[in-house]
Amino acid sequence: MSEWYIYRGTGRPDPARIGELPDPPPWRSFDAPVVDYDVPELDRATHRRLGSRTVPLPIQDPDTLELVNAALYLRRPLLVTGEPGVGKSTLAHSVAYELGLGRVLEWPVVSRSELRDGLYTYDAIGRLQDAQLPGNSESEDIGRYIKLGPLGTALLAANRPRVLLIDELDKSDIDLPNDLLNVLEEGRFAIPELERIADRAPVVEVLTDDGRRVSVTNGQVSCRSFPFVVMTSNREREFPAPLLRRCIPLDLKAPRDERLAALVQAHFGQGSYDDNRDLVDQFTQAEADGALRPTDQLLNAIFLAQYAARDAAERRQEISELLMQPLDRGLR
């Protein structure tokens with residue numbers, strides 16, 4: 001294990017590395033003052049993805065470790081490509097768990113997603129409705145109607161860098177990857193609704209994606225330590241060269257051998273890999289036909305076989321064949 005690694009992929013938090021990252025390169029250094037905002041601890045989503053019966057899934061591939069650590073050192077987004085089910089999203093949760101960076105902020109991208117959806121929302125209609133209620137003065141507090149999105153929350157100058165998962169960026173509208181460029185480069189953004197009133201309300205409390213209140217000064221949100229950003233793609237489209245230049249690319253392979261064994265044991269306990277070698281072998285051997293079989297199909301088959309098949313080999317075979325149907329790559 002290389003000494004320069006921050007993230008080691010062991011699946012175990014290292015007390016010496018909790019919440020701390022080395023100094024960034026000068027060109028990726030940000031100096032916003034720390035806001036009064038404590039990063040929430042890991043939530044159930046991380047434990048659900050990683051498994052809770054043993055240590056979370058370790059990432060053993062040396063190339064993966066090299067690129068993840070390069071992104072951490074350089075404060076650059078990690079663009080993770082790979083087939084569905086190989087663990088692209090799980091990688092973000094693994095880094096957050098091992099480095100103690102708190103709850104993962106998740107932005108699931110769809111075809112209608114815009115940059116502002118990730119930065120913040122402003123409920124102007126709700127404010128107008130409240131203003132029309134007799135004796136209601138709450139509408140005067142504009143901060144009640146502004147909520148930072150996952151990207152906006154990640155860019156707060158918190159006491160530790162955050163982990164942000166921008167999931168399935170390739171499903172976005174054609175403009176979103178280009179719209180992200182300036183925010184990812186500058187580590188800051190403005191909220192025009194607050195900039196317009198900065199002369200009479202320089203500090204406004206708004207809601208974060210974590211459900212907490214935080215102060216925004218002069219309508220500007222700036223980071224102090226650039227978040228660890230994981231952007232995932234199922235290779236459904238090409239990205240513009242300016243975005244690729246700002247990212248560390250990682251093509252994640254499907255978990256096999258030790259990684260697959262660790263994944264099964266993380267969810268089903270020690271010894272479960274050996275107990276289900278018949279299903280594991282069927283899953284891995286099926287790749288020879290070139291069909292796409294996401295890893296969660298194997299987990300589904302093992303889970304159901306524990307209840308429906310028990311020791312009946314014929315039933316285990318039937319269940320695995322039913323659940324591990326190949327996906328058509330052309331229909332992803």
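**View A. Y73 sits only partly in the open, as 25% relative accessible area makes it partly exposed.** This and the other close-ups come from a predicted model. Y73 belongs to one aromatic cluster, together with W4 and Y5. Searching the whole structure turns up three aromatic pairs. In the W4 and Y5 pair, the ring centres are 5.3 Å apart and the planes meet at 65°, so this one is edge-to-face. Which of these two is buried and which is partly exposed? W4 counts as partly exposed, at 34% relative accessibility, while Y5 is buried at 6%. The W4 and Y73 rings have their centres 5.3 Å apart too, but with planes at 45° the pair is tilted. It is also a link between distant parts of the chain: W4 comes from the segment before α1 (44-50) and Y73 from helix α2 (residues 62-74), with their positions 69 residues apart.

**View B. An arginine over a ring: R28 and F226.** Here the charged end of R28 sits over the F226 ring, 4.5 Å from the ring centre.

**View C. R235 and E83 join up in a salt bridge.** The structure has 14 salt bridges, and in this one the N to O distance is 3.8 Å. What does the pair link? It connects distant parts of the chain, 152 residues apart: R235 is in the loop between β10 (228-233) and α9 (241-245), and E83 is in the loop between β1 (78-81) and α3 (88-99). The two partners differ in how much of them shows. R235 is partly exposed, with 40% relative accessibility, whereas E83 is buried, at 19%. The cut-off for buried is under 20% relative accessible area, so E83 falls on the buried side of it. Pull back a little and there's a network: E83, R235, D251 and K253 are linked by salt bridges.

**View D. R103 and D209 make a salt bridge with both partners buried.** The closest N and O atoms of R103 and D209 are 3.3 Å apart. R103 is in the loop between α3 and β2 (105-108), and D209 is in the loop between β7 (203-207) and β8 (213-217), so the bridge ties together parts 106 residues apart in sequence.

**View E. K171 and E236 pair up through their side chains.** The N to O distance in this salt bridge is 3.4 Å. K171 sits in the loop between β5 (163-167) and α7 (176-186), and E236 in the loop between β10 and α9, so parts that are 65 residues apart in sequence get tied together. How accessible are the two ends? K171 is partly exposed, with a relative accessible area of 31%, and E236 counts as partly exposed at 36%.

**View F. The largest nonpolar core has 42 residues.** Its members that touch the most others are L148, L151, L180, L194 and M231. Helix α7 gives the largest share of this core, five residues. A separate core of 25 residues lies apart from it, with L65, V68, V163 and I248 among its members. For a look at one well-connected member, try M231: leaving out neighbours within four places in sequence, its contacts are P77, L78, L79, V80, I166, L169, L180, L184, L243 and C247.

**View G. Helix α7 and what covers its buried residues.** The residues of α7 that are buried are L176, P177, L180, L181, V183 and L184. Which elements cover them? The cover includes β2, α4 (115-119), α6 (150-154), β6 (188-190), β10 and α9. Just after the helix, look for G187: it follows α7 and has a positive phi, near 65°.

**View H. Two buried cysteines, C223 and C247.** C223 is buried, with a relative accessible area of 1%. C247 counts as buried as well, at 7% relative accessibility, and it is one of the residues in contact with M231. How many disulfides does the structure hold? The count is zero.

How values were computed
Residues are numbered from 1 along each chain as its sequence is written. This is a predicted model: local features need pLDDT of at least 70, side-chain atom pairs count only at pLDDT 80 or more; totals for chains, interfaces and linings use all residues. Side-chain values use heavy atoms; hydrogens and water are left out. A salt bridge is a side-chain nitrogen of Lys or Arg within 4 Å of a carboxyl oxygen of Asp or Glu. Helices (H or I, at least four residues) and strands (E, at least two) are DSSP runs, numbered from the N terminus. Buried means under 20% relative accessible area, exposed over 50%, partly exposed in between (1.4 Å probe, protein chains only). A nonpolar core is a set of buried Ala, Val, Leu, Ile, Met, Phe, Trp, Tyr and Cys residues joined through side-chain atoms within 4.5 Å. Contact means heavy atoms within 4.5 Å. Rings of Phe, Tyr and Trp (its six-membered ring) pair if their centres lie within 6.5 Å; planes under 30 degrees apart count as stacked, over 60 as edge-to-face and the rest as tilted. A charge sits over a ring if NZ of Lys or CZ of Arg is within 6 Å of the ring centre and within 35 degrees of the ring normal. A disulfide is a pair of cysteine sulfur atoms within 2.5 Å.
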